[in-house]
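User: I should like to study this structure step by step. Please show it first, and then let us discuss it through questions and answers.

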Amino acid sequence: MRAPLIDRFGRRHTYLRISVTDRCNLRCTYCMPEEGIALASHFDLLTFEEISRVLQIFAEMGINKVRLTGGEPLLRKGLPNLISSISQTSGIDKVGLTTNGILLTDYAEPLRNAGLKSVNISLDTLNQDRFLQITRVGRIEKVLEGIEAAIAGAFSPIKINMVVMKDFNDDEISDFIEYFFEKPVHLRFIEFMPFRSNGWNRQKLIPAAAIRQIIGERFSFMPAGSEEPDQVARPYQIEGMKGSIGIISSMTEEFCESCSRLRLSATGGVKTCLFGPEDGNVRNLLRDGATDVEIETFIRQCLDRKPSGHQSFNEGEFLVESPMVAIGG
Ligand code: SAM
Ligand code: SF4
């Protein structure tokens, strides 16, 4: 066992988000610039062996929860094999996946067999025209089928992530609650965040307080306890609803003080804050024969750069330079 990952501000890090690809089969306006992004070459992507090795070292430093993301992670060939290896890594208790759901019907069974238990599915509207306005390509039925496949496969928890944008889909918040009321899923309403070329502006942000107000106009809800101490959503329960609802308020009610997350990009970048730059890249070390101790030291140096928090939305504009599709959320 190695010493835990505790940063300069005393925060212990137990959660690693791993992006497995920068490719995507959708092109969501809030995530991918219209012109696309310069894609990494196949050579630059960490191999499954490299991910597994670096994860082993992270796990020895106390990482116990992993989420795979992207781009669209289901586009990475052989993903169930990686999930299987991660699930068997000593110290890793939870493995999750965040997907746009397009390929989920095909993959639900192999993912389950590989040991995946929980899944987050992104869906921002229930309307095909609006779906296309956001994703630029793709069919909403595939996502809805994917959600049903996740339910049929008994994944738990299943979370539906909706990015709320003013005058675009804020009128669907209550529709989402009704549509999913009796399904075993948890709804997560996410504040729209600013990334390069993603159409963000202050007017399009619906703050968490306003989301709560919209929900309160139709439903009565109360704070619910969270089973996952490291989750960023504030959970609420609506009477009679099977799952919970939650709001991810990265912009207006930051949760930096209790942040326990680190990120590993598809090309080996280590990021300690979603809104910050990459703090280093571990790929060359992995390829140049570095020892586990050298990799551990490098990761700790990255962690030393983690800020206490990101700039507050209320203090003025800020924009993250890299597009979200290359970070993984
Ligand atoms: N392709 C997968 C998906 O869409 O679920 C995984 C990657 S995606 C980058 C991860 C999450 O980030 C999704 O839930 C997506 O809605 C969210 N996201 C992307 N851009 C965002 C933004 N500008 N503001 C808030 N959430 C965003
Ligand atoms: Fe792709 Fe997910 Fe980004 Fe949409 S949010 S473009 S599905 S990575």
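**A dialogue on the model**

User: In which helix is R283 found?

Analyst: Helices are DSSP runs of H or I with at least four residues, numbered from the N terminus. The run of residues 283-287 is one of them, and R283 is found in this helix, α8.

User: How should the model and its numbering be understood?

Analyst: This is a predicted model, in which local features need pLDDT of at least 70, side-chain atom pairs count only at pLDDT 80 or more, and totals for chains, interfaces and linings use all residues. Residues are numbered from 1 along each chain as its sequence is written, chains are lettered from A and ligands numbered from 1 in the order in which they are written, and side-chain values use heavy atoms, leaving out hydrogens and water.

User: Is R283 buried or exposed?

Analyst: Buried means under 20% relative accessible area, exposed over 50%, and partly exposed in between, with a 1.4 Å probe and protein chains only. The relative accessible area of R283 is 15%, so this residue is buried.

User: Which residues does R283 contact, leaving aside its neighbours within four places in sequence?

Analyst: Contact means heavy atoms within 4.5 Å. With those neighbours left aside, the contacts of R283 are D44, L46, T267 and G268.

User: Are α1 and α2 roughly parallel or roughly antiparallel to each other?

Analyst: Axes are lines fitted to C-alpha atoms, for helices over the stretch in contact, and angles run from 0 to 180 degrees between N-to-C directions. The axes of α1 (residues 48-60) and α2 (residues 79-87) come within 10 Å and cross at roughly 20°. Angles under 35 degrees count as roughly parallel, over 145 as roughly antiparallel, 65 to 115 as roughly perpendicular and the rest as oblique. The two helices, α1 and α2, are therefore roughly parallel.

User: Which residues of α2 are met by residues of α1?

Analyst: On the side of α1, the residues are F48, I51, S52 and L55. Their partners in α2 are L79, L82, S85 and I86.

User: Where is T21, and is this residue buried or exposed?

Analyst: T21 lies in the loop between β1 (15-19) and α1; strands such as β1 are DSSP runs of E with at least two residues. Its relative accessibility is 3%, so T21 counts as buried.

User: How far apart in space are G328 and L46, C-alpha to C-alpha?

Analyst: G328 belongs to the segment after α9 (292-304). In sequence, G328 and L46 are 282 residues apart. In space, their C-alpha to C-alpha distance is 15 Å.
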